Amino acid sequence: MDDPEGITDLTGELKQLVAESAVAEGTLHVYCGHTTCGLIINERDTGLDTDMREVLERIAPHSDNHHYSHDKDRTPAERLLHAERDNGHSHARAMLATHPELHIPITAGNLYLGQWQAIMLAEYDGPRTRELLVRLHTA
Amino acid sequence: MDDPEGITDLTGELKQLVAESAVAEGTLHVYCGHTTCGLIINERDTGLDTDMREVLERIAPHSDNHHYSHDKDRTPAERLLHAERDNGHSHARAMLATHPELHIPITAGNLYLGQWQAIMLAEYDGPRTRELLVRLHTA
Amino acid sequence: MDDPEGITDLTGELKQLVAESAVAEGTLHVYCGHTTCGLIINERDTGLDTDMREVLERIAPHSDNHHYSHDKDRTPAERLLHAERDNGHSHARAMLATHPELHIPITAGNLYLGQWQAIMLAEYDGPRTRELLVRLHTA
């Protein structure tokens with residue numbers, strides 16, 4: 001429990017937000033103001049977590065021994081602030097595997113998503129409370 | 001033949017679309033509603049396919065033995081639907097190496113692309129018919 | 001010196017540009033018209049350069065022996081034009097680790113950036129003079 005990594009599906013909430021708005025033709029902008037999580041669009045199946053963990057472990061492996069400069073170079077005060085937890089890999093994973101912002105078209109009052117597409121938040125340094133800025137633009 | 005991976009250059013068609021429009025200052029939005037292909041902007045040379053294959057094989061290797069959870073956890077009905085072909089690596093590659101959507105500026109009635117830039121669709125689970133939503137926004 | 005890789009923080013200049021504009025609610029669009037550098041949003045700490053180099057060396061290693069097709073398949077004329085320097089890895093790194101364009105929200109006349117977020121240009125084939133197209137859109 002309290003897994004630091006995980007994927008949250010935002011599709012339902014975002015679809016509802018668009019449906020309840022008056023925007024018929026436009027764009028939904030989702031902005032993630034964080035540096036160790038980010039947005040992805042892909043198929044939301046049960047295997048996605050497992051597969052991404054395996055792939056990302058190959059690219060930016062976990063490290064609990066201050067392996068990354070991000071963690072090694074921290075001052076004692078910074079370590080205290082961050083509760084001593086290393087998260088150099090979280091920064092690298094967010095940068096390589098997610099988007100800080102996404103625009104999804106709105107057509108005929110609905111989010112234009114492909115058959116298999118879900119909009120998700122991929123967390124690499126949680127669990128934390130995260131905040132997204134969401135805006136609707138008319139075309 | 002029938003290579004499941006490949007890169008399609010969209011630059012010419014998109015440039016023409018902009019040129020034929022009345023938009024002088026604005027933005028071209030290209031949205032890819034799929035989960036195993038995506039958009040890239042880079043130099044379109046003969047080596048791009050080869051180089052990306054090598055790099056992606058290192059990150060998210062092919063697997064024909066249901067290696068990825070995405071493939072392993074499929075029900076027999078799902079396997080039938082997808083013609084038994086594994087594509088866990090295709091999802092990972094699309095997520096890591098492509099963008100689901102891109103905005104390219106339009107200035108003085110033309111697409112603002114750098115000297116070496118081409119807009120391409122990178123396919124990781126083809127050959128398939130793919131559909132893109134393209135929109136022109138005035139600035 | 002003359003390191004071909006490096007990260008330039010653009011946050012201060014972009015914040016100032018927004019502050020000096022009349023845009024209260026809108027979006028800042030930054031477009032990078034190059035193929036061997038690109039944009040990232042993350043935390044700007046002293047370890048970022050080091051960590052990204054390590055991660056990217058794993059994914060798309062340097063090569064000075066025309067390892068990548070991009071470099072191997074060049075004509076002598078092209079080699080001369082590019083001063084003989086291999087940059088196949090630079091193209092792969094820009095594609096995998098950066099964004100060609102980013103939209104950052106403007107709220108109450110300021111750039112909406114998270115507490116730890118900086119907007120940076122990640123260079124993989126420098127040092128070179130680079131040009132970005134920056135536009136402010138009102139919401």
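**Entry 1: the cysteines of chain A**

I started with Cys32(A), which is buried at a relative accessible area of 1%. Buried here means under 20% relative accessible area, exposed means over 50%, and partly exposed is in between (1.4 Å probe, protein chains only). Cys37(A) is buried too, with a relative accessible area of 3%. Why is there no bond from the sulfur of Cys32(A) to the closest cysteine sulfur? I looked it up: that sulfur belongs to Cys37(A) and is 3.7 Å away, too far for a bond. The cut-off for a disulfide is a pair of cysteine sulfur atoms within 2.5 Å. By this rule I get 0 disulfides over all chains.

**Entry 2: ground rules**

Note to self: this is a predicted model, where local features need pLDDT of at least 70 and side-chain atom pairs count only at pLDDT 80 or more, while totals for chains, interfaces and linings use all residues. Residues are numbered from 1 along each chain as its sequence is written, chains are lettered from A and ligands numbered from 1 in the order in which they are written, and side-chain values use heavy atoms, with hydrogens and water left out.

**Entry 3: Thr11(A)**

Next I picked Thr11(A), which sits in helix H1 of chain A, residues 11-20. Helices (H or I, at least four residues) and strands (E, at least two) are DSSP runs, numbered from the N terminus. Is Thr11(A) buried or exposed? Thr11(A) is buried, at a relative accessible area of 9%. I then listed what Thr11(A) touches, leaving aside neighbours within four places in sequence: Leu113(A), Ala118(A) and Ile119(A). A contact means heavy atoms within 4.5 Å. With Ile119(A) I also found a polar atom of the Thr11(A) side chain 2.9 Å from the backbone nitrogen of Ile119(A). For a polar contact, the pair of N or O atoms must be within 3.5 Å; within protein, one must be able to donate a hydrogen and the other to accept it, and residues adjacent in sequence count only if both atoms are side-chain atoms.

**Entry 4: helix H5 of chain A**

How many residues of helix H5 (residues 88-97) of chain A are buried? I got 10 of its 10, so I wrote down "mostly covered". Among the buried ones in H5(A) are His89(A), Arg93(A) and Met95(A).

**Entry 5: the sheet in chain B**

Over in chain B, I traced an open sheet of 3 strands in the order E1-E6-E3, with antiparallel pairing. Strand E1 (6-9) and strand E3 (37-42) of chain B are the edge strands, and each pairs on one side only. From one strand to the next, the twist averages 30 degrees. Two strands pair if DSSP finds at least two bridges between them. E3(B) and strand E6 (residues 118-123) of chain B run antiparallel and are joined by 6 bridges.

I zoomed in on Leu39(B), a residue of strand E3 of chain B. Opposite Leu39(B), in E6(B), stands Leu121(B). Leu39(B) is buried, with a relative accessible area of 0%. Apart from neighbours within four places in sequence, its contacts include Leu10(B), Val30(B), Cys32(B), Pro100(B), Met120(B) and Leu132(B). I also checked Leu39(B) against Thr8(B): they are 31 residues apart in sequence and 9.6 Å apart in space, C-alpha to C-alpha.

**Entry 6: the sheet in chain C**

In chain C I found 3 strands forming an open sheet in the order E1-E6-E3, with antiparallel pairing. Strand E1 (6-9) and strand E3 (37-42) of chain C each have a single partner strand, so one side of each is left without a neighbour in the sheet. The twist averages 30 degrees from one strand to the next. Between E3(C) and strand E6 (residues 118-123) of chain C, which run antiparallel, I noted 6 bridges. Which residue in E6(C) is the bridge partner of Gly38(C)? Ala122(C) is.

Helix H2 (residues 48-59) of chain C lies across E1, E3 and E6 of chain C, at about 140 degrees to E1(C). Axes are lines fitted to C-alpha atoms, for helices over the stretch in contact, and angles run from 0 to 180 degrees between N-to-C directions.

**Entry 7: laying the copies on each other**

Last job: I compared the chains. A turn of 120 degrees and a shift of 0.0 Å along the axis lay chain A on chain B with an RMSD of 0.0 Å. The two copies are thus related as by a three-fold rotation axis. Copies are superposed by least squares on the C-alpha atoms of residues with pLDDT of at least 70 in both. Only 17% of the interface residues of chain A are also interface residues in chain B, so the copies meet through different surfaces.
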